[in-house]
Amino acid sequence: MRRNTEEGIFRMDERVMEFVNSLVGRQLISLCCEAEILDFGFGELVLHGMGCSRIIKNNDILVTTLDYQSWDQAESTHNDEWFNLKRFHDEILGGSVVSVRVSPWHDLCILLDNGVMIECLVANAWPHYEEALEQWVLFRPAGKGRGTFLTVYNKDVAFWEET
């Protein structure tokens, strides 16, 4: 990745943007949560939304990774993230990706043809964290640790492709 040090912005190159745009036309076929991560399955492509990730439909925020914070500390599925995901699961699934946008700060926005919008926002400010924190990951596994992986951190972007 190239970094424009004057603006403090990492620019994604064409190869990386081609990978991100390979989501277009794919159907959202699976959705689940793991702690503060939303997992989206688009066939052979998988998106892990960390940071502040959310699902929106009809101008309502249906599910966010931050909903996990309502956890009762007794059972890991006793929180609003799990509750809302179960409640809206069927309404969210099945849509196909019509557009993908990545902001200059690497916020990801995916629009589905069923009116669902998936956002993965970079949630940790650059100067306040010494270590890079994962915000979202898009990958195409090829087995045994191989495949294509794009990891967006609050401070950097990593792209690895093994063909």
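Start by selecting Lys57 and Glu91 in this predicted model: their side chains form a salt bridge, with the closest N and O atoms 3.9 Å apart. Lys57 sits in strand β6 (residues 52-57) and Glu91 in helix α2, so you're looking at a link between distant parts of the chain, 34 residues apart. Now colour the two by accessibility. Lys57 counts as buried, at 14% relative accessibility, while Glu91 is partly exposed, with a relative accessible area of 35%.

Next, stay with helix α2 (80-92) and follow the chain into the loop that leads to β8 (97-102), where you'll find Ser96. Is Ser96 buried or exposed? Its relative accessible area is 19%, and because the cut-off for buried is under 20%, Ser96 counts as buried. Show what surrounds it: leaving aside neighbours within four places in sequence, Ser96 is in contact with Gly25, Arg26, Gln27, Leu111, Leu112 and Asp113.

One of those contacts, Arg26, is your next stop. Select Arg26 together with Glu44, and you'll see a salt bridge whose closest N and O atoms are 3.3 Å apart. Arg26 is in the loop between α1 and β3 (30-34), and Glu44 is in the loop between β4 (37-42) and β5, so this pair ties together parts that are 18 residues apart in sequence. Both are partly exposed: Arg26 at 23% relative accessibility, Glu44 at 43%. Add Arg140 to the selection as well, since Arg26, Glu44 and Arg140 are linked in a network of salt bridges.

Now move to helix α1 (residues 14-21). Which of its residues are buried? Pick out Val16, Phe19 and Val20. Look down the helix axis and these buried residues fall within an arc of 100 degrees, so they line one face of α1. As a reminder, an α-helix has 3.6 residues a turn, so residues three or four places apart point the same way. Turn the view to the face away from the buried side, and there are the exposed residues Glu14 and Glu18. What does the buried side pack against? Show the strands β5 (45-49), β8, β9 (108-112), β11 (134-143), β12 (146-153) and β13 (157-161).

Before leaving α1, zoom in on its start: a side-chain oxygen of Asp13 comes to within 3.2 Å of the backbone nitrogen of Arg15.

Last stop: keep Arg15 and add Glu161, whose side chains meet in a salt bridge (3.7 Å, N to O). This one joins helix α1 to strand β13, across 146 residues. Arg15 is partly exposed at 44% relative accessible area, and Glu161 is partly exposed at 38%.

Note on methods:
Residues numbered from 1 in each chain as written. Predicted model: local features only at pLDDT ≥ 70, side-chain atom pairs only at ≥ 80, totals over all residues. Heavy atoms only, no water. Helix = DSSP H or I, 4+ residues; strand = E, 2+ residues; numbered from the N terminus. Buried < 20%, exposed > 50% of the residue type's maximum accessible area, 1.4 Å probe, protein only. Contact = heavy atoms within 4.5 Å. Arc of directions from axis to C-beta. Polar contact = N/O pair within 3.5 Å; in protein donor to acceptor, adjacent residues only side chain to side chain. Salt bridge = Lys/Arg side-chain N within 4 Å of Asp/Glu carboxyl O.
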